[in-house]
Amino acid sequence: CKEIVEELEKCREAGFINRYFGGCNDVKRKLNLCLRAERAERTARHIEKSRRENKSPEEAWRRHIEKEGTNDP
């Protein structure tokens, strides 16, 4: 999305009148779609990683205990 951010910055530098009359709206929509897609991909990766790492609550608790060094809830 970096290129779209740069495009939006250039559009906004073109002046207030351009922005006021919606000159940057299309670029802003493209940026919103790009960021939404990136977030969806990141969320899917995190969910998959969590599923791999936490196959069961007992396993997750065991890893927590190992990390923290205590058995208290």
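Me: When does a residue count as buried, and when as exposed?
Reply: The test is relative accessible area. Partly exposed lies in between the two cut-offs. Buried means under 20%, and exposed means over 50%.

Me: Is Glu66 buried or exposed in this predicted model?
Reply: The model is predicted. Glu66 has a relative accessible area of 54%. The cut-off for exposed is over 50%. So Glu66 is exposed.

Me: Which residue does Glu66 meet in a salt bridge?
Reply: The N to O distance in this salt bridge is 3.0 Å. Both residues sit in helix α4 (residues 57-68), four residues apart. That spacing is about one helical turn. The partner of Glu66 is Arg62.

Me: What class of exposure does Arg62 have?
Reply: Arg62 has 40% relative accessibility. Buried needs under 20%, and exposed needs over 50%. Arg62 therefore counts as partly exposed.

Me: How many salt bridges does the structure hold?
Reply: One joins Glu66 and Arg62. Another joins Arg29 and Asp26. Lys30 and Glu7 also form one. The number of salt bridges is three.

Me: How many residues apart are Lys30 and Glu7?
Reply: The closest N and O atoms of Lys30 and Glu7 are 3.4 Å apart. Lys30 lies in helix α3 (residues 25-53), and Glu7 lies in helix α1 (residues 2-13). The pair links distant parts of the chain. Along the chain, Lys30 and Glu7 are 23 residues apart.

Me: What relative accessible area does Glu7 have?
Reply: Its partner Lys30 is partly exposed, at 40% relative accessibility. Glu7 is partly exposed as well. The relative accessible area of Glu7 is 34%.

Me: By about how many helical turns are Arg29 and Asp26 separated?
Reply: Their side chains meet in a salt bridge, at 2.8 Å from N to O. Both residues are in helix α3, three residues apart. So the separation is about one helical turn.

Me: Which residue of that pair counts as exposed?
Reply: Arg29 has 47% relative accessibility, so Arg29 counts as partly exposed. Asp26 has 54%. The cut-off for exposed is over 50%. The exposed residue is Asp26.

Me: What does Cys1 form a disulfide with?
Reply: A disulfide is a covalent bond between the sulfur atoms of two cysteines. Here the sulfur atoms are 1.8 Å apart. The pair links distant parts of the chain, from the segment before α1 to helix α3. The partner of Cys1 is Cys34.

Me: Is Cys1 buried or exposed?
Reply: Cys1 has a relative accessible area of 18%. The cut-off for buried is under 20%. So Cys1 is buried.

Me: Which residue is joined to Cys11 by a disulfide?
Reply: The S to S distance is 2.0 Å. The pair links helix α1 to the loop between α2 (16-20) and α3, 13 residues apart. Both cysteines are buried. The residue joined to Cys11 is Cys24.

Me: What is the torsion about the S-S bond of Cys11 and Cys24?
Reply: This disulfide is left-handed. The disulfide of Cys1 and Cys34 is also left-handed, with a torsion of about -100°. For Cys11 and Cys24, the torsion is about -100°.

Me: What is the pairing of the bonded cysteines?
Reply: The structure holds two disulfides. Number the bonded cysteines in sequence order. The pairing is then 1-4, 2-3.

Me: What charge does the patch of Glu3, Glu6, Glu9 and Glu13 carry?
Reply: Glu13 is in helix α1. Glu13 is exposed, with a relative accessible area of 65%. The four residues gather on the surface. The charge of the patch is negative.

Terms used
Residues are numbered from 1 along each chain as its sequence is written. This is a predicted model: local features need pLDDT of at least 70, side-chain atom pairs count only at pLDDT 80 or more; totals for chains, interfaces and linings use all residues. Side-chain values use heavy atoms; hydrogens and water are left out. Helices (H or I, at least four residues) and strands (E, at least two) are DSSP runs, numbered from the N terminus. Buried means under 20% relative accessible area, exposed over 50%, partly exposed in between (1.4 Å probe, protein chains only). A disulfide is a pair of cysteine sulfur atoms within 2.5 Å. Patches are made of residues with over 30% relative accessible area and no salt bridge: like charges are joined within 9 Å, nonpolar side chains (Val, Leu, Ile, Met, Phe, Trp, Tyr) within 5 Å. Accessible areas come from the Shrake-Rupley method with a 1.4 Å probe; for residues, only the protein chains shown count as cover. Lys and Arg count as positive and Asp and Glu as negative; His and the chain ends are not counted. The place of a charge is taken as NZ of Lys, CZ of Arg, CG of Asp or CD of Glu.
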